[in-house]
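Please open the structure in your viewer and keep the selection tool at hand. This tour proceeds from one selection to the next.

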Amino acid sequence: MKRILVLLSCSIIAVSLLLTAACNQKAAPTNSYAEDRALIEDLQARYLFALDFFDLNTYVSTFTEDGELDIVEYKVKGRDAIRKAIEDSRSVFDHSASDLPEGLYPATGRHNITNIVIKVDGDKATGRAYWFHYGNDNPERKAVFDGYGHYEDEMVKVNGEWLFSKRVIYNEGVEKWRGPSENPAW
C-alpha cells in the first residue's frame with residue numbers, strides 16, 4: 001500500500017510539473033497562409049473603407065513609410081506624398097463638401113474588390129484583385145456602376161501587420177490608365 005501511495009504521489013507531481021511547464025510556455029507565433037491571407041484581405045478592406053469615407057489617416061496607414069501608390073502615369077512614394085496626392089484629389093473621392101442644389105444630399109461611392117489572388121513568401125506577399133465602383137453622383141442619386149480595373153500589390157509584414165509597399169491601380173475606364181492585356185494573376 002505504501003508503495004502504491006508513493007507511486008501515485010510521484011505521478012501526481014510529474015503531471016503537475018508537466019502541466020505547469022506547458023502553461024508557462026508562450027504560444028508559438030503562427031504564420032499560416034490562411035492567417036496571412038485573412039490579414040491581407042483585412043488590409044485591402046481597410047484601404048477601401050478609408051478611401052470611400054475619405055479617412056486620410058487610415059488610408060495612409062495602410063502603406064509602409066516608404067510605400068508607393070502608382071496609378072500608372074501618376075506615382076507617389078512615401079506616406080506624406082500619398083496623403084498630399086489624395087488630398088489634392090479630394091473632389092474625386094469626397095463629395096461631402098460639394099455645393100449642392102437645395103434638397104439634394106451629398107453623393108457617395110463605394111469600392112469593392114473580388115477575384116483576390118495572393119502569394120505569400122515569408123514576410124512578403126504579392127496580390128492581384130479586380131476592383132469595381134458604384135456611385136450615386138447624379139441628380140436622382142441612383143446607384144450606378146461607374147468604374148472597374150485591377151490592383152497589383154506588393155506587401156510586407158511590419159511588426160506583425162501587413163502593409164502595402166506598392167499598390168498599382170489600373171482603371172479600365174481611363175484609356176491611359178488601362179491595364180496590360182495579359183492575365184495579371186500569374
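Select Phe-63 to begin: its relative accessible area in this predicted model is 0%, so Phe-63 counts as buried.

Next, add Tyr-47 to the selection. Tyr-47 is also buried, because its relative accessibility is 1% and the cut-off for buried lies under 20%. The ring centres of Tyr-47 and Phe-63 are 6.2 Å apart and the planes stand at 65°, so this pair is edge-to-face. The two residues belong to distant parts of the chain: Tyr-47 lies in helix H2 (residues 33-52), whereas Phe-63 lies in strand E1 (residues 63-71), 16 residues apart.

Now select Tyr-59, in helix H3 (residues 56-61), 12 residues from Tyr-47. Tyr-59 is buried as well. Its ring forms a tilted pair with that of Tyr-47, with 4.8 Å from centre to centre and 35° between the planes. The structure holds 10 aromatic pairs.

Extend the selection to Tyr-151 and Phe-164. Together with Tyr-47, Tyr-59 and Phe-63, they form one aromatic cluster.

Which charged end sits over the ring of Tyr-151? Select Arg-167: its charged end is 3.5 Å from the centre of that ring. For another such arrangement, select Arg-141 and Tyr-105, where the charged end of the arginine sits over the ring, 5.7 Å from its centre.

Finally, colour the chain by pLDDT. The mean is 86, and 81% of the residues reach 70 or more. Confidence is highest in strand E6 (residues 161-171), at a mean of 98, and lowest in helix H1 (residues 2-24), at 50. Where pLDDT is low, the predicted coordinates should not be interpreted in detail.

Definitions and conventions
Residues are numbered from 1 along each chain as its sequence is written. This is a predicted model: local features need pLDDT of at least 70, side-chain atom pairs count only at pLDDT 80 or more; totals for chains, interfaces and linings use all residues. Side-chain values use heavy atoms; hydrogens and water are left out. pLDDT is the predictor's confidence in each residue, from 0 to 100. Helices (H or I, at least four residues) and strands (E, at least two) are DSSP runs, numbered from the N terminus. Rings of Phe, Tyr and Trp (its six-membered ring) pair if their centres lie within 6.5 Å; planes under 30 degrees apart count as stacked, over 60 as edge-to-face and the rest as tilted. Buried means under 20% relative accessible area, exposed over 50%, partly exposed in between (1.4 Å probe, protein chains only). A charge sits over a ring if NZ of Lys or CZ of Arg is within 6 Å of the ring centre and within 35 degrees of the ring normal.
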